[in-house]
Amino acid sequence: MSASRPMEPRPWKPIEAFHAQEGTDPLANAFAGRRAVHPFVGLSPVPESEWSRTWTEMTSAARSGKSVAYLHIPFCESHCLFCGFYQNTWHESAGAVYAEALVEHLKRDRDRPYQAEGPIQAVYVGGGTPTLLSTRELARVITAAREHLPLAPDCEITVEGRARDLEPDKAQALFDAGVNRLSIGVQSFDQDVRRRLGRRTERGTLLRRLEDLVAADRGAVIVDLIYGLPGQTPEVWEEDVRTAIGLGLDGLDLYALKLMPQTPLAIAARAGKLEPAAVESHGAFYARGAELMDEARWEPLSSSHWRRSTRERNLYNLEIKAGAQCLAFGAGAGGCLGGHSYRLLADVAEYAEYVRPGRPLLGGLMRLSPHHGLLDGIKGGLERGRLDQWALADRLATTTGLDLEQIAGPLLDQWQGAGLLTRDGRWLELTLAGRFWQVTLTQNLLEWLDQRLRDGAAPVERPAALA
């Protein structure tokens, strides 16, 4: 485990640094580039010498508020070209050993207050590619989660993975074990686009597997699509969305390609071997996808996720972005508990070695902002496309004595002028362009508010001490 290093304070930014461009097509040019909502807004590292004491305090208290759990399966058969989260190459021999360690992890703290007390609304088995585990191994992990976690009666239990792994017998076994939601990474149905990405499953096989899962009628079936991929024209994208709509799925995610510098796709693009769609075109892809979803009368649950049926709730994703407590299990998993963000040991062998004798599993520990409840409320609201300004103003005034309109009003008005949102009395609502830029808007607002809170709501112009 590496020692925690002090985080350098971010440079103070004037309000203009968070402005959108005006007088242009907001879908294409509102900002120079899309941002990710960074988990470290307002966080500070806990020195490693204090991890043991802090963890004991965190785990000695019962959870309060909404809670979820994340189980990490950190293996992939190959490195997807667009993915920046690849960790470990899959070997069949690793499955049983890792599943055993994960079950032991779920079991070892089952009687401690942080795990035992307080209902858990959603469990997410992610990765990596969880469906690489054998039917027996994955079902065993799900059964252990149900046995050792205090799940709410209507708990959403999601397994993400690949359609080609989910043969009928395996899918049925997972449903029998308690899974009620499958999230499947498709990215595109187009055979040429899939081939460029190195996706091995043929279109026909992929469609049949999804049709079988829908026909089983045992749980929600969700698919992810990505726009901006190499070779993906607007016509190909429209056909992708129409194909998904026609399958009878319960939910659908429409995501923009995020070209992370270290991914194989980014490396290939820099070498001129593959050419993703221009970032400036992403807004048009999103707008057409959203239009098709609206025409089909699918309900938007967030800016990137729609549902066809009430079986789909998207609980884990919505609650985690709104600041739910999150219990983490598995090598490299991250969680949030008792005012802290934490990460577990990422090395699979080290994790398995430490979990059995009950040794500490922490690989990192951060203290949340004292205003994390306020910031989480903003994240959760904007994720759904709307923000209760009155509730936010009341919370800000109660906890800090500061005035929301004075601090954030000028920035929100500027975004309204740029066509990204409307402010009408109590509610702030994102426009279509605002929904496309939702992540960037969220990050900008969080950084601006965090900066003003740290400065004690200093004047908008750059403080003299920093000039």
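How many nonpolar, polar and charged residues make up the lining of the largest cavity? Keep that in mind while we walk through this structure, which is a predicted model.

Let's start with two helices. Helix α14 covers residues 372–383, and helix α18 covers residues 438–454. The two pack at an angle of about 160 degrees, and their axes are 10 Å apart. Since angles over 145 degrees count as roughly antiparallel, α14 is therefore roughly antiparallel to α18. As for the way they cross, α14 passes α18 in a right-handed crossing.

Now look at who touches whom. On the α14 side, the residues in contact are Leu374, Leu375, Ile378, Lys379, Leu382 and Glu383. Facing them from α18 you'll find Gln438, Thr442, Leu445, Leu446, Leu449 and Leu453. Sort this contact by class and you get 8 nonpolar, 2 polar and 2 charged residues.

Hang on to two of those α18 names, Leu445 and Leu449, as they turn up again at the cavity. If you search the whole structure for cavities of 30 Å³ or more, you find 1. The largest cavity has a volume of about 30 Å³. Along with Leu445 and Leu449, its lining is made up of Leu387, Gln389, Leu392, Leu404, Ala408 and Leu412. Three elements each give two or more residues to this lining: α15 (389–400), α16 (404–417) and α18. The one that gives the most is α16, with 3 residues.

So, back to the opening question. The lining of the largest cavity has 7 nonpolar residues, 1 polar residue and no charged ones.

Next, let's turn to a pocket. The second largest pocket holds about 350 Å³ of space. How many residues line the second largest pocket, and which lie nearest its centre? The lining has 21 residues, and those nearest the centre are Trp55, Arg108, Pro360, Leu361 and Leu362.

Both helices and strands have a part here. The elements that give two or more residues to the lining of this pocket are α2 (51–59), α3 (92–108), β12 (325–329) and β14 (340–344). Of the whole lining, the largest share comes from α2, with 5 residues. By class, the pocket lining splits into 12 nonpolar, 5 polar and 4 charged residues. Put that beside the cavity: charged residues are found in the lining of the second largest pocket, whereas the lining of the largest cavity has none.

Key:
Residues are numbered from 1 along each chain as its sequence is written. This is a predicted model: local features need pLDDT of at least 70, side-chain atom pairs count only at pLDDT 80 or more; totals for chains, interfaces and linings use all residues. Side-chain values use heavy atoms; hydrogens and water are left out. Axes are lines fitted to C-alpha atoms, for helices over the stretch in contact, and angles run from 0 to 180 degrees between N-to-C directions. Helices (H or I, at least four residues) and strands (E, at least two) are DSSP runs, numbered from the N terminus. Angles under 35 degrees count as roughly parallel, over 145 as roughly antiparallel, 65 to 115 as roughly perpendicular and the rest as oblique. A crossing is left-handed if the near helix is turned anticlockwise from the far one by less than a right angle, and right-handed if clockwise. Contact means heavy atoms within 4.5 Å. Ala, Val, Leu, Ile, Met, Phe, Trp, Tyr, Cys and Pro count as nonpolar, Asp, Glu, Lys and Arg as charged, and the others, Gly among them, as polar. On a 1 Å grid over the protein atoms alone, a cavity is a set of points where a 1.4 Å probe fits but cannot get out, and a pocket is an open set with protein on both sides within 12 Å along at least five of seven lines; lining residues have an atom within 4 Å of a point. Grid points are joined across faces, edges and corners, and a volume is the space filled by probe spheres set on the points.
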